[in-house]
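This report describes the fold, surface and strand pairing of one protein model. The sequence and structure are shown first, and the description follows.

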Amino acid sequence: PVPCSVTVAGDGDLQVTTRVAVFAPTPGQYAVIYSGDECLGGGVIATVARGEGLPSGTTAAFRASSPA
């Protein structure tokens, strides 16, 4: 598990932002969001951003389309 913040966009996509290292999130993989043992949902990773333009301390941010 990786601590993150999740924002739901107007189109229903999820914007997932982590502040700790995430090894190789890749478009086509699934992002699944849990609260403890409860699965809140997830979707297919559509895009991944790193570095410039991200909030200070952010390691990676990605959009997951087709939320489940």
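## Surface and burial

The protein has an accessible surface of about 4,400 Å², and carbon and sulfur atoms account for 57% of that area. Accessible areas come from the Shrake-Rupley method with a 1.4 Å probe, and for residues only the protein chains shown count as cover. Of the 68 residues in the protein, 28% are buried. Here a residue is buried under 20% relative accessible area, exposed over 50% and partly exposed in between, with a 1.4 Å probe and protein chains only.

The model is predicted: local features need pLDDT of at least 70, side-chain atom pairs count only at pLDDT 80 or more, and totals for chains, interfaces and linings use all residues. Residues are numbered from 1 along each chain as its sequence is written, and side-chain values use heavy atoms, with hydrogens and water left out.

## Overall fold

The protein contains five strands and zero helices, and its order along the sequence is β-β-β-β-β. Both element types are DSSP runs numbered from the N terminus, with helices being H or I of at least four residues and strands being E of at least two.

Contacts are heavy atoms within 4.5 Å. Among the contacts between residues at least 6 apart in sequence, 38% join residues at least 24 apart.

## The hairpin of strands 1 and 2

Strand 1 (residues 4-8) and strand 2 (residues 14-18) run antiparallel and are joined by five bridges. Two strands are said to pair if DSSP finds at least two bridges between them. The two strands form a hairpin with five residues between them, and G12 in the turn has a positive phi of about 90 degrees.

V8 stands opposite L14 of strand 2. L14 is buried, because its relative accessible area is 11%. The C-alpha atoms of L14 and I33 are 10.0 Å apart, with the two positions 19 residues apart in sequence numbering.

## The hairpin of strands 3 and 4

Strand 3 (residues 30-35) pairs with strand 4 (residues 38-49) in the antiparallel sense over six bridges. A hairpin results from these two strands, with two residues between them; G36 in its turn has a positive phi of about 65 degrees. The bridge partner of V32 in strand 4 is G42, and Y34 stands opposite C39 of strand 4.

S35 also belongs to strand 3 and counts as partly exposed because its relative accessibility is 44%. The C-alpha atoms of S35 and P3 are separated by 10.0 Å, although the two residues are 32 apart along the chain. In the loop between strand 2 and strand 3 lies G28. G28 touches V44 and I45, not counting residues up to four places away in sequence; its C-alpha atom is 5.6 Å from that of V44, a residue 16 positions away along the chain.

## A nonpolar patch

Y30, V32 and Y34 form a nonpolar patch on the surface, with a combined accessible area of about 370 Å². Patches consist of residues with over 30% relative accessible area and no salt bridge, in which like charges are joined within 9 Å and nonpolar side chains (Val, Leu, Ile, Met, Phe, Trp, Tyr) within 5 Å. A salt bridge is a side-chain nitrogen of Lys or Arg within 4 Å of a carboxyl oxygen of Asp or Glu.

Within this patch, Y30 is exposed because its relative accessible area is 62%. In a regular strand the side chains alternate between the two faces of the sheet.

## Cysteines

How many disulfides does the structure hold? The count is zero, where a disulfide is a pair of cysteine sulfur atoms within 2.5 Å. C4 is partly exposed because its relative accessibility is 37%, and C39 is likewise partly exposed because its value is 45%.
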